[in-house]
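Student: I would like to take one part of this protein and look at it closely, and then see how that part sits within the rest of the chain. Could you walk me through it in one connected account?

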Amino acid sequence: MAPRIAICGAGISGLSLAGMLSRRLGPASRIVVFERAKADRDQGYGLDLDEHGQEALARAGVYDRFWEIARPRSDTGMAFFRASAHGADIQPNIHLYQPRWAQRLFPQHMAARPECNREKLRDILLDAIRERGNTSVHFETATADCREVFADGGGSSAELFDREGRSLGEYDLVVDAMGLHSTLRHHVVDDPIGKHFEGLVMIHGSINDPEAVFSPELMARFRDYGTSIVSTKKADFFIQRYGAGADDNRTSFFYTLYREDGEDGLFADLGIDKPSSREGGIMRDSKRLARVKSWVKQHMGDDFCPVWKEVVDHVDRMTVRNAVTHGPTKLRPPGTMPLICIGDSLRNCGLGGGGMLAMQDSIELCKVLLPDDGDTKAPAVFDPVTGRVALAPLRGAVEEMLALKNEQADEKRRRSEFKRIWNETGDGHVDITWDDFRQMQGLGPVKYWAMRLVLPWVQALVRRSYAADRARGEAGSTKENAIIYKNVADYLERGASPGLSAAPVGPCAGRSG
């Protein structure tokens with residue numbers, strides 16, 4: 001009997017998992033995805049798919065469309081820790097670049113990693129899911145709770161309910177991929193603090209076409225990079241390409257700062273009523289935009305080079321919101337209800353990197369549910385007669401997922417604490433020093449001096465490599481020159497093996513050097 005699977009949440013982790021399972025389980029299976037938001041909800045900006053994100057696309061059977069959603073040559077970047085540097089002093093402290101020679105030598109760690117458009121990523125996953133016919137996606141259907149249903153012959157299933165208490169069906173496995181605002185995670189994890197604000201406020205937005213509006217000086221600074229970061233004790237500023245394709249110049253803007261009174265205090269300063277909805281919080285009208293832009297530039301003050309402040313003038317829409325996260329999380333004692341959490345539902349660990357961990361979770365879960373010839377062999381999880389799931393292997397996988405999230409959350413909390421301390425006791429100097437790095441990273445003497453000695457040498461090598469690659473026209477990855485992560489290439493090569501439907505292979509598939 002084919003298993004009945006419900007996935008709650010149509011974000012990147014939920015749809016990636018749906019794509020993998022729908023491809024592997026075949027037409028007899030029944031997979032249902034529930035999403036509380038509308039189908040046309042704004043999807044935000046971009047993300048750079050690492051080796052796990054790209055493997056998820058391969059396993060979902062959509063890797064051949066990767067370059068439809070990616071911005072060519074956007075896997076280059078620069079970071080500045082001297083915010084006020086002008087003229088000849090404006091040199092990146094760190095080049096965020098993986099040289100071509102390093103990618104060829106170490107494709108298991110370094111490969112093409114361009115910025116991708118979240119909306120287009122969602123679209124290609126939805127296209128694939130709908131074509132297979134074994135998966136349905138229900139938007140504007142919020143999952144509010146679930147309960148265990150015991151079978152007469154032993155075992156159990158999970159019944160889902162919407163906000164009105166109506167049943168959404170019984171399932172052999174429910175996967176909670178609803179993210180930060182999950183309504184089901186309390187069944188799986190113990191988080192005494194829950195969702196809370198730790199002091200970081202984000203002001204973010206989008207610039208439709210930098211090439212059309214940036215001054216020559218600003219464009220010269222940004223043109224050759226996918227990401228530009230200015231990191232200070234006072235605030236972090238970055239702009240990042242997220243368009244899908246070479247002709248899509250859309251660029252995201254982020255400005256994050258520490259503020260005890262959060263978005264409430266900031267809206268009060270702005271003289272703007274706090275929005276009551278996600279859509280209402282996207283400020284496109286000239287009046288609210290002008291107030292936010294004026295406030296940001298005033299906050300940047302003389303600590304930022306005027307060229308960086310020019311970016312703010314060209315932002316076409318803005319949103320102000322608190323960076324909310326989960327508290328310290330551990331799994332509840334093993335139960336018998338077939339419900340597990342992945343991605344931010346398991347634990348949101350703060351700004352940055354959550355999307356990649358979520359896609360990695362979807363891969364690890366799929367490996368346990370449906371191991372193929374290249375995965376670690378494990379006992380069958382689905383009972384071939386009843387379709388019910390064995391929970392012990394799933395719990396082991398979830399324990400590993402949570403350990404990674406807890407580790408990342410601890411690191412981000414340390415950085416947030418550094419911002420808080422500087423905000424309360426700062427000496428007025430906003431540029432980040434070596435000693436500041438030591439405090440933020442929690443480095444002991446040995447690691448600190450290793451960083452002091454090795455990092456400048458590595459960066460000098462990266463700068464020379466970037467200059468050489470650029471002279472050859474190879475700086476940044478394109479559809480034509482992309483080097484693929486080894487795990488992705490390996491998966492694509494075994495895509496037609498027994499137990500796997502034939503995997504579509506992209507134009508560069510199999511190239512790992």
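**A strand and its two partners**

Tutor: Strand S13, which covers residues 196-207, pairs with S16 in the antiparallel sense, and eight bridges join the two. Please keep in mind throughout that this is a predicted model. Within this pairing, methionine 202 is the residue that stands opposite threonine 256 of S16. S16 also pairs with strand S15 (residues 235-241), again running antiparallel, here over seven bridges. In that second pairing, phenylalanine 237 stands opposite tyrosine 255 of S16.

With these partners in place, it is worth asking how well S16 is covered, and the answer is that eight of its eight residues are buried. The cover extends to both faces of the strand: Thr251, Phe253, Tyr255 and Leu257 are buried on one side, and Ser252, Phe254, Thr256 and Tyr258 are buried on the other.

Threonine 251 deserves a slower look, and it belongs to S16, the strand made of residues 251-258. Threonine 251 counts as buried because its relative accessibility is 0%, where the cut-off for buried is under 20%. A polar atom of the threonine 251 side chain lies 3.0 Å from the backbone oxygen of asparagine 249. Once neighbours within four places in sequence are set aside, the residues in contact with threonine 251 are Gly205, Ser206, Ile207, Pro210, Phe222, Ile239, Gln240, Arg241 and Tyr242. One of these contacts, Ile207, also appears in a nonpolar core, to which I return below.

Turning to the chain around this strand, the model contains 15 helices and 19 strands. The C-alpha trace spans about 75 × 50 × 50 Å along its principal axes. The radius of gyration is 24 Å, which agrees with the value near 24 Å that a compact globule of 513 residues would have. Of the 513 residues, 54% are buried, and the chain exposes about 22,100 Å², with carbon and sulfur atoms supplying 51% of that area. If one takes the contacts between residues at least 6 apart in sequence, 75% of them join residues at least 24 apart.

The largest nonpolar core has 81 residues, and Leu49, Leu57, Leu160 and Leu369 are those with the most contacts inside it. Helix H11, residues 354-369, gives this core its largest share, namely seven residues. Leucine 57 touches Leu49, Val62, Tyr63, Phe66, Ile69, Leu121, Leu125 and Met359, when residues up to four places away in sequence are not counted. A second, separate core has 41 residues, and it includes Ile207, Met219, Met300 and Val462; Ile207 is thus listed in this core and also as a contact of threonine 251.

Two loop residues provide a contrast in setting to the covered strand. Arginine 73, in the loop between helix H3 (66-69) and strand S4 (77-80), has a phi near 60°, a positive value in a residue other than glycine. Arginine 73 is partly exposed, as its relative accessible area is 35%. Glutamate 140 likewise is not a glycine, yet has a positive phi of about 55°, and glutamate 140 lies in the loop between strand S7 (135-138) and strand S8 (145-150). With a relative accessible area of 57%, glutamate 140 is exposed.

How values were computed
Residues numbered from 1 in each chain as written. Predicted model: local features only at pLDDT ≥ 70, side-chain atom pairs only at ≥ 80, totals over all residues. Heavy atoms only, no water. Helix = DSSP H or I, 4+ residues; strand = E, 2+ residues; numbered from the N terminus. Buried < 20%, exposed > 50% of the residue type's maximum accessible area, 1.4 Å probe, protein only. Polar contact = N/O pair within 3.5 Å; in protein donor to acceptor, adjacent residues only side chain to side chain. Contact = heavy atoms within 4.5 Å. Pairing = 2+ DSSP bridges. Rg over C-alpha atoms; globule rule 2.2 N^0.38 Å. Areas by Shrake-Rupley, 256 points an atom, 1.4 Å probe, with all protein chains shown as cover. Core = buried A, V, L, I, M, F, W, Y, C linked by side-chain atoms within 4.5 Å.
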